[in-house]
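Please look at the structure shown below and ask how its chains are arranged relative to one another. The briefing that comes after it takes the topics one by one.

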Amino acid sequence: MTMPTFSAAALASRFGLLLQGEDRQVAGVATLADATPSQLSFLANPRYRSQLAQSQAGVVVLRAEDAEACTGSALIARDPYVAFARIAALFERKPVIAPGIHPTAVVDASAQVDPLASIGPLASIGARSKVAAGAVVGPGCVVGDDCELGEDCELQARVTLLTRVRLGKRVRILPGAVLGGAGFGLAMDAGHWVNVPQLGGVVIGDDCEIGANTTIDRGALGDTVLEEDVRLDNQIQIGHNVRIGAHTAMAGCSAVAGSARIGRHCLIGGGAGVLGHLEVCDRVMITAMSLVTHSIRTPGEYSSGTPLMDNRGWRKSAARFKQLDRIARRLPGSEKDPE
Amino acid sequence: MTMPTFSAAALASRFGLLLQGEDRQVAGVATLADATPSQLSFLANPRYRSQLAQSQAGVVVLRAEDAEACTGSALIARDPYVAFARIAALFERKPVIAPGIHPTAVVDASAQVDPLASIGPLASIGARSKVAAGAVVGPGCVVGDDCELGEDCELQARVTLLTRVRLGKRVRILPGAVLGGAGFGLAMDAGHWVNVPQLGGVVIGDDCEIGANTTIDRGALGDTVLEEDVRLDNQIQIGHNVRIGAHTAMAGCSAVAGSARIGRHCLIGGGAGVLGHLEVCDRVMITAMSLVTHSIRTPGEYSSGTPLMDNRGWRKSAARFKQLDRIARRLPGSEKDPE
Amino acid sequence: MTMPTFSAAALASRFGLLLQGEDRQVAGVATLADATPSQLSFLANPRYRSQLAQSQAGVVVLRAEDAEACTGSALIARDPYVAFARIAALFERKPVIAPGIHPTAVVDASAQVDPLASIGPLASIGARSKVAAGAVVGPGCVVGDDCELGEDCELQARVTLLTRVRLGKRVRILPGAVLGGAGFGLAMDAGHWVNVPQLGGVVIGDDCEIGANTTIDRGALGDTVLEEDVRLDNQIQIGHNVRIGAHTAMAGCSAVAGSARIGRHCLIGGGAGVLGHLEVCDRVMITAMSLVTHSIRTPGEYSSGTPLMDNRGWRKSAARFKQLDRIARRLPGSEKDPE
């Protein structure tokens with residue numbers, strides 16, 4: 001398979017960049033450290049600025065303030081990472097997916113699959129579900145009853161939409177994700193658990209992306225909702241009736257418990273957790289492995305946990321942590337009670 | 001599809017509740033905030049008491065002490081959440097599943113599938129496995145060799161029972177769960193890992209429920225065991241030879257390492273962890289994202305971690321945490337050593 | 001099915017052990033507490049030494065220094081756990097897997113499957129992928145485009161290799177694992193996320209083992225790499241462009257963020273996290289649920305977090321943690337600034 005080639009001048013014109021230096025042919029992309037003269041690279045993070053001088057890259061996408069330090073050809077961008085993302089997409093090798101239903105797929109008679117949709121091998125589509133034009137249901141996916149896939153959705157492989165899951169347009173879901181499972185609703189009755197029926201569904205907005213093995217439970221009453229352009233990494237857990245605001249991104253292994261509401265443009269770090277029924281306002285950043293234990297009303301960055309230490313030192317600090325109240329009370333003029 | 005309708009008086013009689021006010025027809029359930037006059041709602045958590053006056057719900061299930069504040073029809077229950085769960089189940093829309101083996105399923109010749117069991121599309125059943133009457137193996141499930149499914153078990157979709165997994169009656173397993181994988185048993189020999197064979201199985205008691213993408217390893221010697229009515233949320237990891245007592249519930253993303261034993265009626269919070277070989281007695285509650293580092297012999301609530309703070313304040317506290325032993329030693333008359 | 005039987009003398013000769021006491025027939029393995037006279041057990045962990053006297057085991061594998069305390073037959077080993085692992089493997093019941101492609105599997109015309117490989121029921125193999133001799137692709141697995149499976153690899157069931165995943169020899173992958181999904185690469189452009197194309201692949205070295213529902217993203221530029229004999233437990237997340245050194249083992253639910261590098265012979269505890277772009281040198285041990293927030297240049301053990309406490313005591317310590325900087329400043333002659 002031959003890789004496509006583009007001239008730097010053509011890329012500049014296509015993406016609104018400024019070419020500095022001679023025009024060159026670009027046949028691929030790579031990091032500053034690895035790029036060859038026929039490849040394009042980028043400098044976005046200042047920590048890699050020192051690699052610019054040694055780089056063999058034929059063309060480098062960078063900011064105006066870094067242009068002087070670049071002795072070869074450069075494409076000057078307001079945001080080099082965004083420009084690089086758009087250029088790199090030209091070199092992405094994507095499978096050609098033909099519309100139609102694979103002969104090994106099992107589609108319920110009451111399902112509606114658009115002729116321009118693609119249902120892959122060994123996938124199944126349940127009763128009353130609808131798949132719009134351009135949507136792709138990859139190999140081994142299970143779409144249950146009463147689901148809807150909007151135009152150009154992509155379930156990559158082995159995705160499960162259990163029931164009552166409605167996807168907007170261009171939603172992309174990675175393998176192993178499970179949407180629409182029953183939320184964890186339990187009531188204790190005479191020493192035995194009773195299931196609280198989970199009657200709602202899941203609604204996913206346009207342009208959302210959901211990572212591998214991520215799980216999103218359906219609502220108990222009403223729906224679990226991701227607004228548009230929410231980005232979830234792998235192995236995330238979203239409880240029933242959660243609502244996540246537009247453009248929020250969550251890193252891997254984070255979790256939001258039932259009925260919590262996360263605002264727009266939030267960034268939730270890897271392994272972080274949000275307790276149930278809390279509200280987090282717009283533009284909040286939670287650092288990795290922090291636990292949100294109260295609602296957040298003010299945008300900003302929030303954290304919990306302790307810093308990494310060598311184990312010997314950590315053991316001493318940890319033992320003292322247990323004594324903290326006693327220690328504080330022994331201070332001259334100490335506050336008698338913690339807040 | 002038409003929704004069923006019930007009179008409040010009929011519900012009172014069926015579930016042993018007391019009707020206050022006029023009898024009304026109920027065609028569905030909803031939250032206090034969302035319910036319409038044809039719907040039933042409930043008040044269990046006192047934090048929602050203020051919503052009672054404004055609610056449009058036709059009927060509200062509530063405690064006797066809240067009845068006076070309810071101006072419309074009410075169903076008075078000792079435990080409104082349990083009563084609501086039972087009523088809501090009447091409105092749950094469940095797929096009708098016919099017994100039999102779907103033509104696309106692959107069933108080993110030595111497997112025994114009861115004629116009243118259902119094996120869904122694209123599922124497979126391995127050698128010597130048994131599926132009892134009323135059990136449902138959903139689309140895309142893989143049941144390996146030497147497994148047993150008790151009466152009325154439900155593997156919803158894309159569940160894997162790898163090998164030697166025995167399920168009691170009415171066990172429900174959500175999509176993506178994996179039971180019976182080899183536990184993480186390793187011995188280091190001359191710089192290279194050697195696998196310790198995992199010869200045991202997994203035994204799941206009656207009425208257990210296992211969430212989406214949860215994993216339960218099989219025992220190394222002997223079995224990994226969940227006693228009856230254990231409830232596991234999504235993305236939980238249970239190591240080999242763990243035993244979990246009856247009626248214990250674990251929230252999403254929690255984990256129990258190999259050979260630990262958890263008691264009965266415990267509640268393990270989301271993201272919490274229990275180290276290997278520990279014992280946790282009955283009626284212990286672990287708060288979210290805590291790590292259990294020693295055995296627990298006394299019922300009660302246990303926690304670790306630090307509270308959420310704005311990042312600037314947290315950085316100061318975190319830096320001081322590293323100095324804690326030094327700080328404690330500088331106190332007048334200080335203890336010389338942490339415990 | 002009859003279990004095989006071995007004499008203790010034959011085991012001693014086969015694995016280079018020393019037989020003490022009379023020769024006995026061994027028909028299985030069990031723990032010291034559970035073993036019968038026809039079974040073999042082992043004593044490796046000193047905490048179980050007290051069980052030796054009461055054990056009914058016919059033969060016990062143990063160290064020379066424990067031999068005197070053993071009144072029955074013993075096999076003396078330098079490392080009893082390794083010797084036990086090798087002996088136990090003789091009793092492992094493994095399915096016999098015939099080579100060939102199951103009639104329900106879907107194999108792309110351009111894929112190359114060795115005649116001595118086995119493709120199980122309801123599996124699919126994508127374009128240009130190669131499966132070497134002895135490799136097993138279990139039921140429900142999805143192998144996408146441009147993947148390679150080395151000799152004797154084992155994808156147990158419902159494993160997904162999405163695209164550009166290359167496995168060395170004898171790689172074993174448990175159910176639900178997803179390799180080769182797009183890494184979480186995002187750039188914010190005018191309030192909307194743009195995907196950064198993930199053009200690389202995943203390279204897994206010989207003898208690696210990957211747990212159930214673990215996810216390993218493909219590289220953005222270049223590959224995500226596991227060197228030989230890396231052992232990953234269940235539900236682990238490995239970000240794009242991570243590199244993990246040979247013989248490193250990671251326990252369940254741990255995670256490594258994008259572009260981090262972990263050394264050789266490291267042990268990463270359950271639920272632990274490593275932030276992106278960090279470097280961890282060889283022979284580092286991270287305790288469970290710790291967060292690695294800076295690069296580690298010195299071998300050793302590292303930790304973060306606080307010890308488990310009863311909730312009442314923990315609340316006091318947690319409240320004081322928030323005041324830590326104030327407390328430290330009130331000490332006589334206190335340091336004015338943390339860190």
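What follows describes the symmetry, the contacts and the shared strands of this structure.

This is a predicted model, and every value below should be read with that in mind. Chain A can be laid on chain C with an RMSD of 0.0 Å, and chain B can likewise be laid on chain C with an RMSD of 0.0 Å.

**Symmetry**

- The superposition of chain A on chain C takes a turn of 120 degrees, together with a shift of 0.0 Å along the axis, and the two copies are thus related as by a three-fold rotation axis.
- In chain A, the residue whose C-alpha is nearest that axis is A:Gly305, which is 3.4 Å from it.
- Although these copies can be superposed in this way, they use different surfaces, since 19% of the contact residues of chain A recur in chain C.
- For chain B and chain C, the superposition again takes a turn of 120 degrees and a shift of 0.0 Å along the axis.
- Of the residues of chain B, the one that comes closest to the rotation axis is B:Gly305, with its C-alpha at 3.4 Å, and here too the copies use different surfaces, with 18% of the contact residues of chain B recurring in chain C.

**Where chain A meets chain C**

- In this contact, 58 residues of chain A touch 61 residues of chain C.
- Four elements of chain A, namely α3 (80-88), β39 (309-310), α4 (311-322) and α5 (324-329), each supply at least two residues of the side that touches chain C, and the largest share, 5 residues, comes from α4(A).
- By residue type, this side of chain A divides into 31 nonpolar, 16 polar and 11 charged residues.
- The strand β39(A) also pairs with strand β38 (residues 300-303) of chain C, in the antiparallel sense and over 2 bridges, and within this pairing the bridge partner of A:Met309 is C:Ser303.

**Where chain B meets chain C**

- This contact takes 61 residues from chain B and 58 residues from chain C.
- Several elements of chain B each supply at least two residues of the side that touches chain C, including the strands β14 (142-145), β17 (160-163), β20 (178-182) and β38 (300-303), as well as α4 (311-322).
- The largest share of this side of chain B, 5 residues, comes from α4(B), while the side as a whole divides into 27 nonpolar, 27 polar and 7 charged residues.
- Strands take part here as well: β38(B) is joined to β39(C) by 2 bridges, and the two run antiparallel, with B:Tyr302 standing opposite C:Asp310.

**A sheet that includes strands of chains B and C**

- As general background, strands of a sheet pair through backbone hydrogen bonds, and they do so either parallel or antiparallel.
- In this structure, 12 strands form an open sheet with mixed pairing, in an order that begins with β7(B) and β10(B) and ends with β38(B) and β39(C).
- The edge strands are β7 (100-101) of chain B and β39 (309-310) of chain C, each of which pairs on one side only.
- One parallel pairing joins strand β19 (residues 172-173) of chain B to strand β24 (residues 209-210) of chain B through 2 bridges, and there B:Arg172 stands opposite B:Glu209.

Definitions and conventions
Residues are numbered from 1 along each chain as its sequence is written. Chains are lettered from A and ligands numbered from 1 in the order in which they are written. This is a predicted model: local features need pLDDT of at least 70, side-chain atom pairs count only at pLDDT 80 or more; totals for chains, interfaces and linings use all residues. Copies are superposed by least squares on the C-alpha atoms of residues with pLDDT of at least 70 in both. Two residues are in contact if their C-beta atoms, placed from the backbone, lie within 7 Å. Ala, Val, Leu, Ile, Met, Phe, Trp, Tyr, Cys and Pro count as nonpolar, Asp, Glu, Lys and Arg as charged, and the others, Gly among them, as polar. Two strands pair if DSSP finds at least two bridges between them.
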